[in-house]
Amino acid sequence: MEKKNIDWGNLGFGYVQTDYRYVSNYKNGEWDEGTITTDPNITLNECAGVLQYAQTIFEGLKAYTTEDGHIVTFRPDLNAERMMASAERLEMPVFPKDRFIDAVNQVVTVNEAFVPPYGSGATLYIRPYMFGSNPVIGVKPADEYQFRILTTPVGPYFKGGVKPLTIRISDFDRAAPNGTGHIKAGLNYAMSLHAIVDAHKQGFDENMYLDPATRTKVEETGGANFLFVTKDNKVVTPKSNSILPSITRRSLMIVAKEYLGLEVEEREIYVDELKDFAECGLCGTAAVISPVGKIVDHGKEICLPAGMSEMGPVTKKLYDTLTGIQMGRIEAPEGWIHVIK
Ligand code: PLP
Ligand code: COI
């Protein structure tokens, strides 16, 4: 398969249109058989549920070319399950797990020419999404839905790759207590847009959101969970029911324990404790693990001892092990690597 003529090494995290996408429609209480199409555009009724009341959910995963030339995805079953949970919370029909995995296989296979080569530093980002498509004017769920998967080759989420980030504690919330913070709904990201634009204007890379009820505990950023390393090398991550259960974070906790022999803990983390950590990282499919060098709390700077020039040692080991597993250099736990071809 001849690859597309793309400068893989210089890709950022942006949309590059690929040749094919997957589409399935839900009508009269059932999903159709689904198909691959070349048309990137969607024609919708002006009153579609997604346009009026933001009834839309999504997922994000990646296809990797391994060292021995296979194309694989990482734990797609967990993306399928999380999308099922998102659908239930927004009163949308569930797209079955086996069909989700089959659709990912199909759309990656036909877009093989866009899957970045091994060693390029780029990957094929896979974006499954679903939205209410029929007209809705009273506030209620739509009756018809479309499930689609688009793919786009991507490089690092943060410019500068693995250079430590500077983040600020945000005065805005991204989620409500008992709201939708734990699902992957477009509305959560709409909530975060003003906060991220403002953070960038003030010179910060990202926002650290606090728990919306008490504003004393660390939650997550707009697109990644937090991992902290204590001075005695324990890996800790915030426990909260208003953050997205990151597949990367859940996997890294296993990597830390099983591969690196580190103690791990998921617990509430108070803002007051931030000054005591040795390392901090943002983890997610797009972010992989991006190190944080500085956290600014209303003008007060908390500088992580790992510094502003490179990843801290534990973060680096986690990064190398996780990416090693994803690229086939390190043996993966049973069921983590899904071979497409
Ligand atoms: N938190 C938020 C708000 C996200 O959007 C994402 C991205 O998917 C994550 C965390 C990381 O989740 P995952 O590791 O499953 O990609
Ligand atoms: C991901 O990591 O897949 C995300 O969805 C984060 C961001 C691009 C929204």
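A polar contact is a pair of N or O atoms within 3.5 Å. With this cut-off in mind, the reader may turn to the two ligands of this structure, which is a predicted model.

Consider ligand 2 to begin with. The residues that surround it are Phe13, Phe58, Gly60, Tyr125, Arg127, Tyr157, Lys184, Tyr189, Gly223, Thr285 and Ala286. Sorted by character, this shell consists of 6 nonpolar, 3 polar and 2 charged residues. Both domains take part in the shell around ligand 2: domain 1 (8–154) and domain 2 (165–324) each supply at least three residues.

Which atoms of the protein lie within the cut-off of ligand 2? In the side chain of tyrosine 125, an N or O atom is 2.6 Å from an oxygen atom of the ligand. Because the cut-off for a polar contact is 3.5 Å, this pair of tyrosine 125 and ligand 2, at 2.6 Å, qualifies as one. The backbone also contributes: an N or O atom of alanine 286 lies 2.8 Å from an oxygen atom of ligand 2, and for a backbone N or O atom of threonine 285 the distance to an oxygen atom of this ligand is 3.4 Å. On its own, ligand 2 has 280 Å² of accessible area, of which the protein covers 90%. Ligand 2 is located in the largest pocket.

The account now passes to ligand 1. Its shell holds 17 residues, and the closest are Tyr189, Glu220, Ser246, Thr248 and Thr285. These 17 residues divide into 5 nonpolar, 8 polar and 4 charged.

Where are the polar contacts of ligand 1 found? One joins an oxygen atom of the ligand to an N or O atom in the side chain of tyrosine 189, at 2.5 Å. Another, with an N or O atom in the side chain of threonine 285, is 2.5 Å from an oxygen atom of ligand 1. From the backbone, an N or O atom of isoleucine 247 lies 2.8 Å from an oxygen atom of this ligand. The protein covers 96% of the 380 Å² of accessible area that ligand 1 has on its own. Two elements, helix H5 (247–259) and strand S14 (279–284), give two or more residues to the shell around ligand 1. The space that ligand 1 takes is the largest pocket.

Key
Residues numbered from 1 in each chain as written. Chains lettered and ligands numbered in written order. Predicted model: local features only at pLDDT ≥ 70, side-chain atom pairs only at ≥ 80, totals over all residues. Heavy atoms only, no water. Near = heavy atom within 4 Å. Polar contact = N/O pair within 3.5 Å; in protein donor to acceptor, adjacent residues only side chain to side chain. Areas by Shrake-Rupley, 256 points an atom, 1.4 Å probe, with all protein chains shown as cover. 1 Å grid on protein atoms, 1.4 Å probe; cavity = no way out; pocket = protein on both sides within 12 Å on 5 of 7 lines; lining within 4 Å. Sits in = over half its atoms within 2 Å of the grid points. Nonpolar A, V, L, I, M, F, W, Y, C, P; charged D, E, K, R; others polar. Domains from an automatic or database assignment. Helix = DSSP H or I, 4+ residues; strand = E, 2+ residues; numbered from the N terminus.
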